[in-house]
Amino acid sequence: MLIEYGKNAENRKLQSYYSRKSYMEKLGIARAEEPHSAYWSNLLKGDDVNCNKNESPLMWFLQVLVNRELTATAYANNSPIPADMKIAIISRTLDFQIKEIKAEKKIKEIAGNYFYTNPNWCNVSEPCEDELDIYIKCAIRGVKGIDELEIVVENKVTQKENGPKAKKNQLRTGYDDKCQTERYYTACHTTSSPNKVQLFVLLTPDAIDKETTATDKHFIQISYQDLLDTILLPLIESDSLLD
C-alpha cells in the first residue's frame, strides 16, 4: 500500500507541495523573533489590507485578547480590559486611530521617567537597552473615560521568557533582578494617566490552557494559532490582503 501510495502522481505532488520551504526558511529566519515581530507589527498597521476599520487586523487582534481574557481564570475578578471597551471590541464598533505600531521599540522611549527618576539608579551611566518586541499606541474615541490604548507585546518563538539579567550587569536594583515580563510591566505600567488603558501580551507558539506562562500575571498570553485562525487566514480567504 505504501509503495502504491508513493507511485501515485497526485500524492507525490502533494508531498512536494507540503515539503517546500517557506520564504522565512529560505532566508534562515524561520525561528527568529525580530522578523516575526516586524511581520506582525506591519500587518497590524493595516497598510497592506483593503478593508474597513471594523474588519482590520488590529480590531481582530483585540478580539483575540478579549477572548483569551474571558477564558483565563487569572482575570475572572480583575479584568485588564474595561467593560465598555470590551463591549465595543466584541461588537467591532471600537473607534480607534493608530498613533504608532512599531517592532523592537526601545523601552526607555516609553518608560523614560521610570529610568531617569528611580532613586535606586537614576544616576547609572549605562542605559537600559531592553526593547519591546511590538509596541502599539492608539487614540480611542467613544468609550467613556478612555482616550488612549497602549499595548506591549512580548513575542517568543522558540525561547522561554528571559530570567533576571546576569549579576555583573545588575545596575538597576528592582529592575535587572526581575524576569523579563516583570521588568517590562514594572517599567511601563503607569497609574498617572487614568484615561489610558494598558494591555500586556505574551505571544507564544504554545497551546494555551487557562493560565498564562508569563512570570508577571498581568500579561495575557495568546498563541500564533490564535493569530493565524482569527487574523491571517480570514484575510487571505476574503482577498483583503494586497498582493
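A pocket, as the word is used here, is an open set of grid points where a 1.4 Å probe fits, with protein on both sides within 12 Å along at least five of seven lines, and its lining residues have an atom within 4 Å of a point. The legends below describe a predicted model.

**Figure 1. The largest pocket of the predicted model and the residues that line it.** The lining of this pocket is made up of S22, Y23, M24, E25, A30, R31, H36, Y39, V157, P205 and Y224, and the space inside comes to about 470 Å³. Two elements, helix 3 (23–27) and helix 4 (33–45), each give two or more residues to the lining, and the largest share, three residues, comes from helix 3. By character, the lining residues divide into seven nonpolar, two polar and two charged. Rolling a probe the size of a water molecule over the atoms shows where empty space is left.

**Figure 2. The chain as a whole, as a setting for the close-up views.** The chain has nine helices and five strands, which follow one another from the N terminus in the order α-α-α-α-α-α-β-α-β-β-α-β-β-α. The C-alpha trace spans about 75 × 50 × 35 Å along its principal axes, and of the 243 residues in the chain, 40% are buried.

**Figure 3. A salt bridge between D226 and R68.** The side chains of these two residues meet at 3.0 Å, N to O, and the pair links distant parts of the chain, since D226 belongs to helix 9 (residues 224–237) and R68 to helix 5 (residues 57–71), with their positions 158 residues apart in the sequence. D226 counts as buried because its relative accessibility is 16%, which falls under the 20% cut-off. R68, at 14% relative accessibility, is likewise counted as buried. Side chains of opposite charge can pair when their charged atoms come close.

**Figure 4. Two further salt bridges, K105 with E109 and E154 with K156.** The model holds 19 salt bridges in total, and this view takes up two of them. K105 and E109 meet through their side chains at 2.9 Å, N to O; K105 is buried, with a relative accessibility of 6%, whereas E109 is partly exposed, with a relative accessible area of 46%. The side chains of E154 and K156 meet at 3.2 Å, N to O. E154 counts as buried because its relative accessibility is 1%, and K156 is buried as well, with a relative accessible area of 4%. Elsewhere, salt bridges that share partners join K106, K108, E129 and E131 into one network.

**Figure 5. The nonpolar surface patch formed by L14, Y17 and Y18.** Together these three residues present about 380 Å² of accessible area on the surface. Y18 has its place in helix 2 (residues 9–18), and Y18 counts as exposed because its relative accessibility is 66%, a value that lies over the 50% cut-off.

**Figure 6. L43 and I231, apart in sequence and brought together in space.** The C-alpha atoms of L43 and I231 are 9.4 Å apart, although 188 residues separate the two in sequence. L43 sits in helix 4, and L43 is counted as buried because its relative accessible area is 7%.

**Figure 7. Two residues with positive phi, R92 and D239.** R92 is not a glycine and yet has a positive phi of about 55°; R92 is found in the loop between helix 6 (83–90) and strand 1 (95–106). At 27% relative accessibility, R92 counts as partly exposed, because partly exposed residues are those between the cut-offs of 20% and 50%. D239, which is also a residue other than glycine, has a positive phi near 60°, and D239 lies in the segment after helix 9. D239 is exposed, with a relative accessible area of 66%.

Methods:
Residues are numbered from 1 along each chain as its sequence is written. This is a predicted model: local features need pLDDT of at least 70, side-chain atom pairs count only at pLDDT 80 or more; totals for chains, interfaces and linings use all residues. Side-chain values use heavy atoms; hydrogens and water are left out. Patches are made of residues with over 30% relative accessible area and no salt bridge: like charges are joined within 9 Å, nonpolar side chains (Val, Leu, Ile, Met, Phe, Trp, Tyr) within 5 Å. Accessible areas come from the Shrake-Rupley method with a 1.4 Å probe; for residues, only the protein chains shown count as cover. A salt bridge is a side-chain nitrogen of Lys or Arg within 4 Å of a carboxyl oxygen of Asp or Glu. Helices (H or I, at least four residues) and strands (E, at least two) are DSSP runs, numbered from the N terminus. Buried means under 20% relative accessible area, exposed over 50%, partly exposed in between (1.4 Å probe, protein chains only). On a 1 Å grid over the protein atoms alone, a cavity is a set of points where a 1.4 Å probe fits but cannot get out, and a pocket is an open set with protein on both sides within 12 Å along at least five of seven lines; lining residues have an atom within 4 Å of a point. Grid points are joined across faces, edges and corners, and a volume is the space filled by probe spheres set on the points. Ala, Val, Leu, Ile, Met, Phe, Trp, Tyr, Cys and Pro count as nonpolar, Asp, Glu, Lys and Arg as charged, and the others, Gly among them, as polar.
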